[in-house]
Amino acid sequence: MAVQGKKVALYALVVFVLYVIITDPSKAADYVQIGFEGISTAAKAIGQFMTWIADGAQ
């Protein structure tokens, strides 16, 4: 039963994403840019943390 719920949620998400892309492509591009900026910021933070650990956590 949970698998069907996940499928329905996934299909709903795909339909919503396609709707946003078709109705307002510039807004969709903004959302993608925001997402990639978030991923980039997270990767930089992880890199800084790993550098801190490698330097002896001081």
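Helix H2, which covers residues 25-54, offers a simple check on its own geometry. At 1.5 Å a residue, its 30 residues should span 44 Å, and the end C-alpha atoms lie 43 Å apart, which agrees. This comparison, like every value that follows, concerns a predicted model. Beyond the end of H2 comes Gly56, whose phi is positive, near 95°.

The protein as a whole contains two helices and zero strands. Its radius of gyration is 18 Å, whereas the globule rule gives 10 Å for 58 residues; the protein is therefore more spread out than a compact globule. The dimensions of the C-alpha trace can be set beside that result: along the principal axes, the trace spans about 50 × 35 × 10 Å.

Exposure to solvent may be considered next. Of the 58 residues, 3% are buried, a class that requires a relative accessible area under 20%. The accessible surface of the protein amounts to about 5,200 Å², and carbon and sulfur atoms account for 72% of that surface. As for charge, the protein carries 4 positive and 4 negative charges, and the mean positions of the two sets are 15 Å apart.

The other helix, H1, comprises residues 2-23 and includes Ala2. The relative accessible area of Ala2 is 57%, so this residue counts as exposed, the threshold for that class being over 50%. A separation of 36 Å lies between the C-alpha atoms of Ala2 and Lys44, two residues that are 42 residues apart along the chain.

How values were computed: Residues are numbered from 1 along each chain as its sequence is written. This is a predicted model: local features need pLDDT of at least 70, side-chain atom pairs count only at pLDDT 80 or more; totals for chains, interfaces and linings use all residues. Side-chain values use heavy atoms; hydrogens and water are left out. Helices (H or I, at least four residues) and strands (E, at least two) are DSSP runs, numbered from the N terminus. The radius of gyration is taken over C-alpha atoms; the globule rule is 2.2 Å times the number of residues to the power 0.38. Buried means under 20% relative accessible area, exposed over 50%, partly exposed in between (1.4 Å probe, protein chains only). Accessible areas come from the Shrake-Rupley method with a 1.4 Å probe; for residues, only the protein chains shown count as cover. Lys and Arg count as positive and Asp and Glu as negative; His and the chain ends are not counted. The place of a charge is taken as NZ of Lys, CZ of Arg, CG of Asp or CD of Glu. The expected span of a helix is 1.5 Å times one less than its number of residues.
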